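Subject: Structure handover and what turned up in it

Hi there,

I am passing on the structure we talked about, and my notes follow below it. Have a look at it first, and then read on at your leisure.

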Amino acid sequence: TMPCAVLMEVCLQPCGWLASYIGCPLSTDDDLFFRNLDGTAVQHQEVTPSSGPLRIEVQSKTVAKVADSIIVGFSANAYCGEQQVYHTETVFG
C-alpha cells in the first residue's frame, strides 16, 4: 500500500508547478521559498501497485500577496481511473 505521506506528496507537487505557472515567482525579484503551511486531506481508498496510474487534478483557489510574501490556496484530487482516492485543501506560502 502506498504510504499516506507519499500519496500526499504526489498531490502537493503539482501545486508548486501551478503556482509557478500562474506567475507567483514573477511578482518579485527576491528568491522565494515555497512551503506547505496548512491543509486538510481525506484518503478515500488505498493505492496499491495494482491500482494503476494516478491522475492528479489541482485547482488554484486563492492568491494573496503582501509585500514579498505570497499565500496560495489549492484544492487537489487524486484518481485511479474514475475512482477518487485522495482529496486535499492546502495552503502554501
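Let me start with the helix: H1 lies across S1, S2, S3 and S4, and runs at about 55° to S2. Helices here are DSSP runs of H or I with at least four residues, strands are runs of E with at least two, and both are numbered from the N terminus. The angle is taken between N-to-C directions on a scale from 0 to 180 degrees, with axes fitted as lines to C-alpha atoms, for helices over the stretch in contact. Contact itself means heavy atoms within 4.5 Å.

Please keep in mind that this is a predicted model, in which local features need pLDDT of at least 70 and side-chain atom pairs count only at pLDDT 80 or more, while totals for chains, interfaces and linings use all residues. Residues are numbered from 1 along each chain as its sequence is written, and side-chain values use heavy atoms, with hydrogens and water left out.

The overall picture

The chain holds one helix and four strands, in the order α-β-β-β-β from the N terminus on. Its C-alpha trace spans about 45 × 20 × 20 Å along the principal axes. Of the 93 residues, 28% count as buried, where buried means under 20% relative accessible area, exposed means over 50% and partly exposed lies in between (1.4 Å probe, protein chains only). Among contacts with a separation of 6 or more, 61% come from residues 24 or more positions apart.

The sheet

The four strands make an open, antiparallel sheet in the order S1-S4-S3-S2. S1 (36-43) and S2 are the edge strands, each with a single partner, so one side of each has no neighbour in the sheet. From one strand to the next, the twist averages 10°. Two strands count as paired if DSSP finds at least two bridges between them.

Here is how the pairs look, all of them antiparallel:

- S1 and S4 (residues 83-92) are joined by seven bridges, and Thr40 has Glu89 in S4 as its bridge partner.
- S3 and S4 pair over nine bridges; Tyr79 is bridged to Gln84 in S4. Their hairpin has two residues between the strands, and Gly81 takes a positive phi near 65° there.
- S2 and S3 pair over twelve bridges. Arg55 is matched with Tyr79 in S3, and Val66 with Ser69 in S3. This hairpin also has two residues between the strands, with Ala67 at a positive phi near 55°.

Tyr79 therefore turns up twice, as the bridge partner of Arg55 and of Gln84.Two residues to look at

Which contacts does Val72 make beyond its neighbours within four places in sequence? Val72 lies in S3, a strand that is mostly covered, with ten of its twelve residues buried. Val72 itself is buried, at a relative accessible area of 2%. Beyond those sequence neighbours, Val72 is in contact with Cys24, Ser60, Thr62, Val63, Thr90, Val91 and Phe92. The C-alpha atoms of Val72 and His44, 28 residues apart along the chain, are separated by 25 Å.

Ile56 sits in S2 (residues 54-66) and counts as partly exposed because its relative accessibility is 25%. Leaving aside neighbours within four places in sequence, Ile56 is in contact with Val10, Cys11, Pro14, Asn77 and Ala78. The C-alpha atoms of Ile56 and Asn77 are separated by 5.7 Å, with their positions 21 residues apart along the chain counted as the separation.

The largest pocket

The largest pocket has a volume of about 280 Å³. A pocket here is an open set of points on a 1 Å grid over the protein atoms alone, where a 1.4 Å probe fits and protein lies on both sides within 12 Å along at least five of seven lines; lining residues have an atom within 4 Å of a point. The volume is the space filled by probe spheres set on the points, which are joined across faces, edges and corners.

In the largest pocket, the lining has 16 residues, and Leu32, Phe33, Phe34, Ile70 and Gly93 lie nearest the centre. H1 (4-21) and S3 (69-80) each supply at least two residues of this lining, and S3 gives the most, with four. By class, the lining has nine nonpolar, four polar and three charged residues. Ala, Val, Leu, Ile, Met, Phe, Trp, Tyr, Cys and Pro count as nonpolar, Asp, Glu, Lys and Arg as charged, and the others, Gly among them, as polar.

Best wishes
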